[in-house]
Each structure stands twice: as structure tokens, then as C-alpha cells.
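Q: I've got a two-chain model open on my screen and I'd like to learn how to read it. Could you walk me through it?

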Amino acid sequence: MFINYEHENHVYNVSVERRKDLFFITYDNAEYKVKAEEIKPGHLKIKLGDRTIKSVITKGKTDKFVFTDGNVFKVKNVELTGARKTKIRKEEGNLNSPISGKVVNVKIKNGDKVKKGDVLMIIEAMKMEYLIRAPFNGRVKKVNFKEEDQIEIGQNTVDIIKKVGT
Amino acid sequence: MFKKILIANRGEIAVRIIKACQEMGIKTVAVYSNVDKKAPHTQLADESINLGDPTPIESYLNIPKIIKSAQDAGADAIHPGYGFLAENPDFAQACKSKGIKFIGPNPDVISLMGDKIAAKKTMEKAGVPVIPGYHGKNQDNASLVKEGIKIGFPLLVKAAAGGGGKGMRIVHNDDVLEESIESAKRESKSSFGNDIVFLEKYIEKPRHIEFQILADESGNTIHLFERECSIQRRHQKIIEETPSPIISQELREKMGKAAVKAAKAVNYYNAGTVEFMLDGNLNFFFMEMNTRLQVEHPITEMTTGIDLAKWQLKIANGMELTLKQKDLIQRGHAMECRIYAENPSKGFLPSIGTLEKVDFPTGPNIRNDTGIFTGMEITPYYDPMLSKIIVSSENREESINKMIWALSKYVILGVTTNISFLQKVISHKEFKKGNITTHFIDNYFKDWTIAKEGLPINAIIALAVYDSIHSRTQEIVRYKESDPHSPWKHVGRWRIGVEE
């Protein structure tokens, strides 16, 4: 199923697919495979690799409230309109790391031109290498990590400005 | 002992007092307004009496209604809690004249301590240090300069009619004293139409330190050490701790003696608190006396093992203190955070709404004093404090760590709270070092707003799982990867997460 969450005027489009207690969640070019259960109403225990996410979710009259890691977020499930889709496309340049691990190779530097599909960065975690690739043609605005750096899940690896007109 | 007590309050403090009564086998009567029908204090008491309209003046501040409720229920005493009628001498007097015991000091003492200038004069006479100042009638420059030099520097010149910093000057030496007085007068005249000024010693790096007092009706008076309450926003405390990180044993004894002297000077009885201002050089000055149980009383209970609410009842019932000053010891360290329904990103504006989910952190040496529940409506009628969390540990560092942990597990969904803000304050490096003053929030958290970093990935994953579990249709077939350039194409079957 596809879901759009709105939080502070920003829309996050997520897809999720369930197989018993396994959930395959896709968001921002990355897929997260998690094992999860609702231990009591609204209380979720989610295993992602060697990490455990604990979260409490409840539905209000119009909003959902999510508690995780000591913080509360108010979100709304929304249907996407054309205008909002455009807004999201702009955000594609953000390449978040889908794993916590170590940066083992950085292939680019600030200002480099990149082509769609180029390898930008290699992250190693759990003895696997993960390649960060350019999602479109563009120019590197900022490389946020260097070799040997530790990177956490969800952190932005590289900022790319999309080349216009191709 | 009393047979039945009416609690003239609501929220966590009413719950706290009802529980103390229940432990002692005393029947309880709650009063409630129309919006508090389902409130914990209403439900917990043996009897509950409806006061009607939720407006405070029609309910929790309405003396005739509350006295009548006590008479109808046959209560022999009234506990006022804090706030509302707790420091209203007319209420204490009304109880007295109807033969109902008011659990607190004598109405005359409440009245005296409520008059800040009279209280200061009484304390000065009794030999308790007060902030040196001149509030006299001689307003010519020469007299004011003479008085100013007598008080010493730094000196605060402030407009008698002042407010908002207008007509206020901080003077550091006598060279500029006269011109500062003149300019304060000019500003005061143009802002308030009145050029009368007061002089007061300016307190640098002020800390708010208060001492807990217990006194019986025979005049036995003890103090139960200090509480450091310097962390305040809008002149209201939000984090309190004991012992204070700055106070030595020697200073504690000195201040404790002064607090006892202050209480004895007015023949104080029952629980009370003497508030001092402590300056950067550890000089202390009497500020005021609170003639009631304080919000932050649990930190004293956690470190002394003494139940202050129960002692209030015992003292009011005529019992003498069995506790001796020399036998009192404080063990470890305790800290309290006040949880407010308010938005720290918007100037601590109170927030209202439904509490969609409430889940308190529990664990060793963690105490939750609350008057809320899942489903409760937070209305604009009363103070936005929802609950208090109190932790204790062997030392300050461990209390801080425990509090950070507890706040990270504190779930209140539905209204904006100050929980994230409290976590940030306690985690601040200057707070951890104990370098705190009453200006701490203004110095380090002025215009603080919650970081707008968007939804973290953990929240997105949790939402997706939640919606997947709660969706009616279960999708079994994986959707086809539509993006041929997805990086996942290059990593084969491997996925992040649990092994298959």
C-alpha cells in the first residue's frame, strides 16, 4: 500500500508491504525490511537490523501522533494532489543512508558533475557494501561524509542539484 | 485524627492529598467543576461534590460554595493544596469561623506574608537578611545618592510605577549614580507620569534557593534543607532539585537557621517555605514566605524520607513534631520536572486539546505525581501543569541521567508539552555543571524552537508499520520495482534488516 504523510507542510510518500510480521517499507529510494509487532494497542516494537525502534502511535480526531525516541510528531495521512507531487520531486536530491555503518569510499567531491546512476559513495555495514547512486543528472552541491566516517540511518549522504533541461 | 477532609483543589495536588488521607484512614471529599467530572481527583475521593461552572471564580475559588460543601459533607478539615485558595487569608478565616480546621497556618500569618513589603520589614526586624534598599519619600538627588552609596554597588534604580524594564538602571559605581538617577526619573516621568524611584541592591547571578519548614502548633520548628529552584521560565519554576549544587554544608546550616528564625518570627505553624535569593558571592536575602505546601515538595520527601502532606494533617490535628533537627539527614539527590501543556517554541503558550494517549515512565526511584489520564480534555480554565516527574539517585549526575532517560520515555500525545524542551535544558552542559541562575532559560534558550528537521526515519517506519497493521486489506504481493535506477537493483537480493 502507498501512504502519504504530511508533517509540517511537507509530504512523505511511503510504501509498505506486509508479510506476516515482516514489513517492507520504501521511502526516499531506500527500502527497510523490518520485523514488527504491536505489543499493546498503539505500542510498536520494531526490529531493524540490530536496532530496535519503540514507538507509540495514536489517532486523534484528525491527526496521528507518533512518539519515538522521546519526541512527539503530529502527522496527517493525505491524498496527494498534483501540486504536492511536484514539491516532493524536488526533494529527490536528498540521498539518505538506509543503513548505519561506515563510509568506505567517496567517489565524488563538491562541484562534480554526476550522471544518473553514477556511484557516489560506498557504505559498509554488517559486512555488506551499499552503493549510493545519483538518482538523476546533476552537480554535487555538498558531500556530507568522508571516508572512515560513521554514518547513521537516515542521515543525508550527498546533496545534489538536479540539472535542468535533460 | 480528623474523620473527613475536604480537598479544595484539583489536579495532581488533590490526588496527592487524597492518597495521604487514604493511607491514614481519613475519608475524603473532592470538589469539582463541570469539566472535571471524570478527573482523577473526582474519581479517587470517597465523595465528590459538584461546584458547577468551570470558571475558577465560580468553582475552585468560590469560598461560600466550598465552605457549604464541607458543611454538607460533614468534613472536619479542609486542605487547600497550592494555588487557588491556599494563600487566601479570607478563606482560612472563613474555615475558622465555621469551625472547620484549615490545614495551614493562621490566617493572620497568611495575610502578613502576602504583603511583600510588610513581610520584608518583619524579617528585617527579626534579623533575617533582606535585600538592602531604599523605598523612602526623600526623592531629591542628594538624598538618593546618599542612600545609594549606603546600599552599595551594583545598585538597581527602578521606577516605583515601573514595569518592563522602563525607568530601570543598573549602576556599577558612584561616578554615574546621580546621572543614572536623573535619567531613570526622566524615563519614568515620560512613561508613567511619575518620577518616584526606589533603590535596591542589584543581585548578580541570582539563584532561587528555598528552605522547607515544618512547625507544629506548640512552636517546634525545623527545616528540611533547601531546594534549588533557579530554572524558571516566565518567573515560574520548571526544574527543581535538592541538594543545590552550589551550597556547602556550612552555608546550608546558616541559611537553614535563618529560615527557622523567619518562621518563628511570625509564629508560623504547619508546612511552609522560606524563599531566598542567593547572589554570585553566596550572600542570601529573604524574598518571601509561601504559607502552603509547594509544588516541588516531593524532592524533599525523596531525600529525607519524610511525608510532608501527612505531617500537614498531623500538625493540623494538634500533634507535636517528633522529628528533631539534629536527626534529619538528606540522602542522595532528587530532581523534579514539571510537565506543562504548553509550547516552548511559541513563548510557552498554553496548549489545549484531548490527551489521546498518556504513558508514564516507571522504574526504580521514579515518582509520578499526576492528575491526568488518556482521554482527558485539557481546558483553558486552569493552570496548564499536567503532572510532575520526580527522580532520586545517589548523586546529581545520576539524577540527571535518570531524568533524561525518564523524559525520553514520557508519552503524552494529543497536546503540545514541554517534555522535549526539558530534555534539552537538562542536557545543557552548563546545567550539568550546576552553573545555573534564574536567568538560565533567558541566557541559553531565548527564542528556542523545536528543531524542524522533519519526520525522522524511525517515525516514518513506525507509521508505515502501524498503518499496515491497521489497514483492512492485506497486500501479499510485492509491488514491482518501477524505478529502473533504484540503487536496490545493484545490491541483488540483499536487504537491510533482519536475516531471512
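The dialogue below takes the features one by one.

Q: What should I know before I start?

A: This is a predicted model, in which local features need pLDDT of at least 70 and side-chain atom pairs count only at pLDDT 80 or more, while totals for chains, interfaces and linings use all residues. Residues are numbered from 1 along each chain as its sequence is written, and chains are lettered from A and ligands numbered from 1 in the order in which they are written.

Q: Let's begin with chain A. How many helices and strands does chain A have?

A: Helices (H or I, at least four residues) and strands (E, at least two) are DSSP runs, numbered from the N terminus. Chain A comes to one helix and 16 strands.

Q: How are strands grouped into a sheet?

A: You look for pairs: two strands pair if DSSP finds at least two bridges between them. In chain A, eight strands make a closed barrel in the order 1-2-3-4-5-6-7-8, paired antiparallel. On average, neighbouring strands of this barrel are turned by 35° against each other, direction ignored. Strand 1 (residues 2-7) and strand 2 (residues 10-19) of chain A share six bridges in the antiparallel sense. For one spot to click on, A:H7 stands opposite A:H10 in strand 2 of chain A.

Q: What packs on that barrel sheet?

A: Helix 16 of chain B does, touching strands 1 to 8 of chain A. For the angle, axes are lines fitted to C-alpha atoms, for helices over the stretch in contact, and angles run from 0 to 180 degrees between N-to-C directions. The direction of helix 16 of chain B makes about 60° with that of strand 6 (51-59) of chain A.

Q: How do I read the chain-to-chain interface?

A: The size of an interface is often given as the accessible area lost when the parts come together. Here we count contacts instead: two residues are in contact if their C-beta atoms, placed from the backbone, lie within 7 Å. By that rule, 45 residues of chain B are in contact with 60 residues of chain A. Elements giving two or more residues to the chain B side include helix 12 (396-408), helix 13 (419-427) and helix 16 (457-469). Helix 16 of chain B gives the most, with 13 residues. By class, the chain B side has 23 nonpolar, 14 polar and eight charged residues. Ala, Val, Leu, Ile, Met, Phe, Trp, Tyr, Cys and Pro count as nonpolar, Asp, Glu, Lys and Arg as charged, and the others, Gly among them, as polar.

Q: How is chain A divided into domains?

A: Domain bounds come from an automatic or database domain assignment. Chain A has domain 1 (2-77) and domain 2 (95-162). Their centres, taken over C-alpha atoms, are separated by 25 Å. The contact takes five residues from domain 1 of chain A and four residues from domain 2 of chain A.

Q: Which sheet should I look at in chain B?

A: Try the open sheet of eight strands in the order 14-13-10-11-12-15-22-20, with antiparallel pairing. Its edge strands, each pairing on one side only, are strand 14 (284-290) and strand 20 of chain B. The twist averages 25° from one strand to the next. Five bridges join strand 20 to strand 22 (residues 385-393) of chain B, and the bridge partner of B:D369 in strand 22 is B:K388.

Q: Is B:A92 buried or exposed?

A: A residue is buried if 20 or more other C-beta atoms lie within 10 Å of its own, exposed if 12 or fewer, and partly exposed in between; C-beta atoms are placed from the backbone. B:A92 counts as buried because it has 25 C-beta neighbours inside 10 Å. You'll find B:A92 in helix 4 (residues 89-97) of chain B. Leaving aside neighbours within four places in sequence, B:A92 is in contact with B:F102, B:G104, B:P107 and B:I110.

Q: And why is B:N365 called partly exposed?

A: B:N365 has 16 other C-beta atoms within 10 Å, so B:N365 is partly exposed. B:N365 is in the loop between strand 19 and strand 20 (366-370) of chain B. B:N365 and B:V391 are 26 residues apart in sequence, yet 5.6 Å apart in space, C-alpha to C-alpha.
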